[in-house]
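Open your viewer, load the model and keep the selection box at hand. We will go from one stop to the next, selecting a few residues each time and looking at what is there.

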Amino acid sequence: MTQLTRRSLLALPVAGAGAAALHAAVPHRHPWDGEAAAAGGGHEGHGNGAGGGHANFRDGRTVDHRANGFDPHEILRDFDWGTTRRLPTGRVVREWTLHALDREIEVAPGVRFAAWTYNGRIPGPTLRCREGELLRITFVNASEHPHTIHFHGIHPSAMDGVGGLGAGEIQPGSRTVYEFEAQPAGLHLYHCHVRPLAEHIAKGLYGAFIVDPAGGREDADEVVMVMNGFDTNFDRANEVYAANTIGFAYMNAPIVAKRDELVRVYLVNVLEYDLINSFHLHGNLFHYFPTGTGTTPSEFTDTVMLCQGQRGILEWRFPQLGKFMFHAHQSEFTELGWQGFFEVVE
Ligand SMILES: [Cu+2]
């Protein structure tokens, strides 16, 4: 496994073969790389070259999404509505099954990470339902460690997915069912809540949980971004940062948006080890709905800051064609993977 040291990644210029190897292992772009590439019509053939000590996807190294079993581009719009049936009372019961699975995934080109996952992907499935439905989530622990699913939202104590309450910690080979009403409408999340908590979250056990208002929301091109990072050398600091796990994925292949169409981003921060994270949009501003629980935006801005567990809904339209960056406005996170492009088309 390639060993990475976060600080050495940021020390420029690169000195020595060891540091050069680290740079070769991690895609390392600057925002200005992307903008120059955009202006030049593509990433191919553009870059700092060997003299700059930088490597990136352009050098032919990419994450193997197929081997990982999930693709950040598919995760964007992959809403898991589960299966439904109606009780005699007419009430909708919505059900999912989540398995905790230990998986080694590639989080940056050539960088393997021994992950803990829900259903083999990070983030786990984006669970989506409607306010007032009865939710049943069967949790099967097929991992080698005890885990839970702790949902954010309103539910009984016994369904909280923490040790000592209800079914408590679910041992390897065991299962439980979490059952509660979907409330309140908004953007929530779920994650494992077994100690040591930082490790259980940082290893990959989390996902977005969307409760639609009973009346729905305005039609939009909706995408999910779960902001995360990976501590690949166990120093309790992240070496790579991303939205939806794979750094630079949306630089390589921008998220396509249509001019004047409403874009809605469900943004969740689960980043471990760093106190805050953020989302910044270029060339535009967005309406921000904290936790997605209200209908009046708290702000019209181009940057929001979130601590771990915070989330919100962002809405805007692109009036102009072209490529527009989005990224964390912690420059260090940006340079270590948390950046991408929207590409606005007719
Ligand atoms: Cu866990």
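The tour below starts with the whole chain and then moves through a metal site, some individual residues and several charged pairs.

**Stop 1: the whole chain**

Keep in mind as you look around that this is a predicted model. Show the cartoon first: the protein chain has eight helices and 21 strands. Now colour by burial, and you will find that buried residues make up 54% of the 346 residues. If you switch on a surface, the accessible area of the protein chain comes to about 13800 Å², and 51% of that area belongs to carbon and sulfur atoms. A contact map is worth a glance too: among contacts with a separation of 6 or more, 71% are between residues 24 or more positions apart.

**Stop 2: the copper ion**

Select the copper ion together with H147, C192 and H200. These residues are its protein donors, through ND1 of H147, SG of C192 and ND1 of H200, and they lie 1.9 to 2.0 Å from the ion. Along the chain, the donors follow the spacing H-x44-C-x7-H. H147 and C192 link distant parts of the chain, being 45 residues apart. You will find H147 in the loop between strand 6 (134–141) and strand 7 (150–151), while C192 sits in the loop between strand 9 (186–191) and helix 6 (197–202).

Are H147 and C192 buried or exposed? H147 counts as buried because its relative accessibility is 0%. C192 is buried as well, with a relative accessible area of 0%.

**Stop 3: S278 and its surroundings**

Next, select S278 in strand 15 (residues 276–281). Its relative accessible area is 4%, so S278 is buried. Which backbone atom does the side chain of S278 reach? Draw a distance to the backbone nitrogen of H329, and you will read 2.7 Å. To see the surroundings, add M227, V304, M305, H327, A328, H329, Q330 and W338, which S278 contacts when neighbours within four places in sequence are left aside.

M305 also takes you out to the surface: together with L275 and I276 it forms a nonpolar patch there. The accessible area of the three residues together is about 350 Å². Within that patch, L275 belongs to the loop between strand 14 (262–269) and strand 15. L275 counts as exposed because its relative accessible area is 77%.

**Stop 4: D221**

Move on to D221 in strand 11 (residues 221–230). At 15% relative accessibility, D221 is below the 20% limit and so counts as buried. Now add L262: the two residues are 41 apart in sequence, yet their C-alpha atoms are 6.2 Å apart in space. Not counting residues up to four places away in sequence, D221 touches R77, V256, A257, E261, L262, V263 and R264.

**Stop 5: the charged pairs**

Side chains of opposite charge can pair when their charged atoms come close. How many salt bridges does a search of the whole structure find? It finds 14, and three of them are good places to zoom in.

- Select R236 and E199, whose closest N and O atoms are 2.5 Å apart. R236 lies in the loop between strand 11 and strand 12 (240–243) and E199 in helix 6, so this salt bridge ties together parts that are 37 residues apart in sequence. Both partners are partly exposed, R236 at 48% and E199 at 25% relative accessibility.
- Select E218 and R317, which meet in a salt bridge of 3.2 Å, N to O. E218 is in the loop between strand 10 (206–212) and strand 11, and R317 is in strand 19 (residues 311–317), so the pair connects parts 99 residues apart in sequence. R317 is partly exposed at 39%.
- Select R259 and E346, with 2.4 Å from N to O. Here the pair ties together parts 87 residues apart, because R259 lies in the loop between strand 13 (255–258) and strand 14 and E346 in the segment after strand 21 (339–345). R259 is partly exposed at 31%, whereas E346 counts as exposed at 62%.

For the last selection, take R128, D212, E222, R264 and E315. Salt bridges that share partners join these residues into one network. R264 may look familiar, as it was one of the residues touched by D221.

Note on methods: Residues numbered from 1 in each chain as written. Predicted model: local features only at pLDDT ≥ 70, side-chain atom pairs only at ≥ 80, totals over all residues. Heavy atoms only, no water. Donors = N, O, S within 2.8 Å, 3.2 Å for Na, K, Ca; no water. Helix = DSSP H or I, 4+ residues; strand = E, 2+ residues; numbered from the N terminus. Buried < 20%, exposed > 50% of the residue type's maximum accessible area, 1.4 Å probe, protein only. Polar contact = N/O pair within 3.5 Å; in protein donor to acceptor, adjacent residues only side chain to side chain. Contact = heavy atoms within 4.5 Å. Patch = residues over 30% accessible without salt bridge, like charges linked within 9 Å, V, L, I, M, F, W, Y side chains within 5 Å. Areas by Shrake-Rupley, 256 points an atom, 1.4 Å probe, with all protein chains shown as cover. Salt bridge = Lys/Arg side-chain N within 4 Å of Asp/Glu carboxyl O.
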